[in-house]
Amino acid sequence: MKKMIMAALIFLFGLQGATPAQAETKTGCEASQFRIVMKATADVKEGASAASKTLKTYKKNDEVSVSGRTGNWYKVCHAKKTAYISMTAAKEVFSSEEQALLKKFDTRKGVNQVVSVTGKSLSDTKVTVILYEKKSGEWRRFLKKMDGVIGKNGFTVNKKEGDGKSPVGIYSFGTAFGSETKPDGVKMGYKKTTIYDYWIDDQTSEDYNKWKTYKGNPASKWKSFERMNHELYKYGAVINYNTNPIIKGKGSAIFLHIWRGETMPTAGCMATAEKNVISLLKWLDPAQKPHIIMGTNQSLKSVK
């Protein structure tokens, strides 16, 4: 019996001795998102500051994987911990498809923010959303890739009213909007929706593809309309498709808004998770002339 008690005590003490080691905070790095190449000799810093301790130095043309960017610093992995490289010391490595996409904005003066929404095929309803911004004269990625959904019938280069498809092309943004109060940090103009706000998709009406506020019975005024005050439009932004000029029958009410879920497409809009929509709205800056480009790499080749 004494031996059994002694063994139990030794076991308990062993567990107690192991607890501190198990409780230690594990260090690690975030998953890599893309690669950068050094424009010259570049220091890896312990913190996101020039005054921070230098951990390593890369040579010109060295490539390294990064997990993202915080301010003007790329986050890299060094000794299994996150470290930092100045944005000005490196340029990002883009695929040939990304290069072709971003080149389309060389002739669009002042466009320094781009929301890329791409699918693998025209019939896909799931898309990848990537944000690009021009910093120090070069395109850089912002945030991480996001999942999104588009129209239930995919993309089209010939959008028609009610076809359940999202239009291929490049478009500017209109106003931000939502049934909730404007989030802090949003720079765009913002319209808080009410029960009297509608987007008109009645092709016989002079109000086609316009936002209208009306306190009467909407069914007596329009044959078809969309209520702007509902859960999917808690936060969103107008995508300026078919707005100047407005061509009846070419499609209406194309927005960026909150999705129902990652497997639930839209009627033609682009949607993503609520947290992503809020991040997007806070990032979009009218002074940078933000645009959205939507389609597949193949379908976008003929888009200018």
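Reader: Let's start with one residue: is serine 205 buried or exposed?

Author: The general idea is to look at how much of a residue a probe can still reach, with buried meaning under 20% relative accessible area. Serine 205 comes out at 9%, so it counts as buried. Keep in mind that this is a predicted model, so we are reading computed values. Serine 205 sits in the loop between β16 and β17. Beyond its neighbours within four places in sequence, serine 205 is in contact with Ile200, Trp222 and Lys248.

Reader: And glutamine 203, where does that lie?

Author: Glutamine 203 is in the loop between β16 (197–200) and β17 (211–213). With a relative accessible area of 38%, glutamine 203 is partly exposed. Setting aside residues up to four places away in sequence, glutamine 203 touches Glu161, Tyr208, Lys248 and Gly249. So Lys248 turns up as a contact of glutamine 203 and of serine 205, with serine 205 counted as buried at 9%.

Reader: Okay, let's zoom out. How many helices and strands does the protein chain have?

Author: Counting helices and strands is a handy first look at a chain. Here there are three helices and 22 strands. Next, check the overall spread: the radius of gyration is 25 Å, well over the 19 Å that the globule rule gives for 304 residues, so the chain is more spread out than a compact globule. The C-alpha atoms fill a box of roughly 90 × 60 × 35 Å along the principal axes. Of the 304 residues, 44% count as buried.

Reader: What share of the contacts between residues at least 6 apart in sequence join residues at least 24 apart?

Author: That share is 62% in this chain. Methionine 228 gives you a single case to look at. Its C-alpha atom and that of isoleucine 195 are separated by 7.6 Å, with the two positions 33 residues apart along the chain. For contrast, try glutamine 203 and lysine 126: they are 77 residues apart along the chain, and their C-alpha atoms are separated by 29 Å.

Reader: Tell me about methionine 228, then. Which residues does methionine 228 touch?

Author: Not counting residues up to four places away in sequence, methionine 228 touches Phe177, Thr193, Asp197, Tyr198, Trp199, Trp211, Tyr233 and Phe255. Methionine 228 is buried, with a relative accessible area of 0%, and lies in the loop between β18 (225–227) and β19 (236–239).

Reader: Now helices. Which residues of α2 are buried?

Author: With a helix, ask which way each residue points. In α2 (residues 96–103), the buried ones are Glu98, Leu101 and Leu102. Looking down the axis of α2, these fall within an arc of 90 degrees, so they line one face of the helix. The face turned away from that buried side carries the exposed residues Ser96 and Lys103.

Reader: What do the buried residues of α2 pack against?

Author: They pack against β9 (113–119), β10 (126–135), β11 (138–149) and β22 (291–296). Histidine 291 belongs to β22, and at 12% relative accessibility it counts as buried. Outside its neighbours within four places in sequence, the contacts of histidine 291 include Phe105, Gln113, Ile170 and Phe173.

Reader: How do I read pockets?

Author: Rolling a probe the size of a water molecule over the atoms shows where empty space is left. In this model, the largest pocket holds about 540 Å³ of space. It is lined by 27 residues, with Thr118, Val127, Thr128, Ile130 and Lys145 nearest its centre. α2, β9, β10 and β11 each supply at least two lining residues, and β11 gives the largest share, six residues. By class, the lining has seven nonpolar, 10 polar and 10 charged residues.

Reader: What volume does the second largest pocket have?

Author: About 360 Å³. It is lined by 25 residues, and the closest to its centre are Glu226, Thr266, Ala267, Gly268 and Cys269. That lining divides into 10 nonpolar, eight polar and seven charged residues.

Reader: Last one, backbone oddities. Which peptide bond is cis?

Author: The bond from asparagine 244 to proline 245 is cis, with omega near 0 degrees. Proline 245 is in the loop between β19 and β20 (255–258). Alanine 253 lies in the loop between β19 and β20, and has a positive phi of about 55 degrees although it is not a glycine. Lysine 80, also not a glycine, has a positive phi of about 65 degrees. Alanine 253 is buried at 6% relative accessible area, whereas lysine 80 is exposed at 63%.

Conventions: Residues numbered from 1 in each chain as written. Predicted model: local features only at pLDDT ≥ 70, side-chain atom pairs only at ≥ 80, totals over all residues. Heavy atoms only, no water. Buried < 20%, exposed > 50% of the residue type's maximum accessible area, 1.4 Å probe, protein only. Helix = DSSP H or I, 4+ residues; strand = E, 2+ residues; numbered from the N terminus. Arc of directions from axis to C-beta. Contact = heavy atoms within 4.5 Å. 1 Å grid on protein atoms, 1.4 Å probe; cavity = no way out; pocket = protein on both sides within 12 Å on 5 of 7 lines; lining within 4 Å. Points joined across faces, edges and corners; volume = space filled by probe spheres on them. Nonpolar A, V, L, I, M, F, W, Y, C, P; charged D, E, K, R; others polar. Rg over C-alpha atoms; globule rule 2.2 N^0.38 Å.
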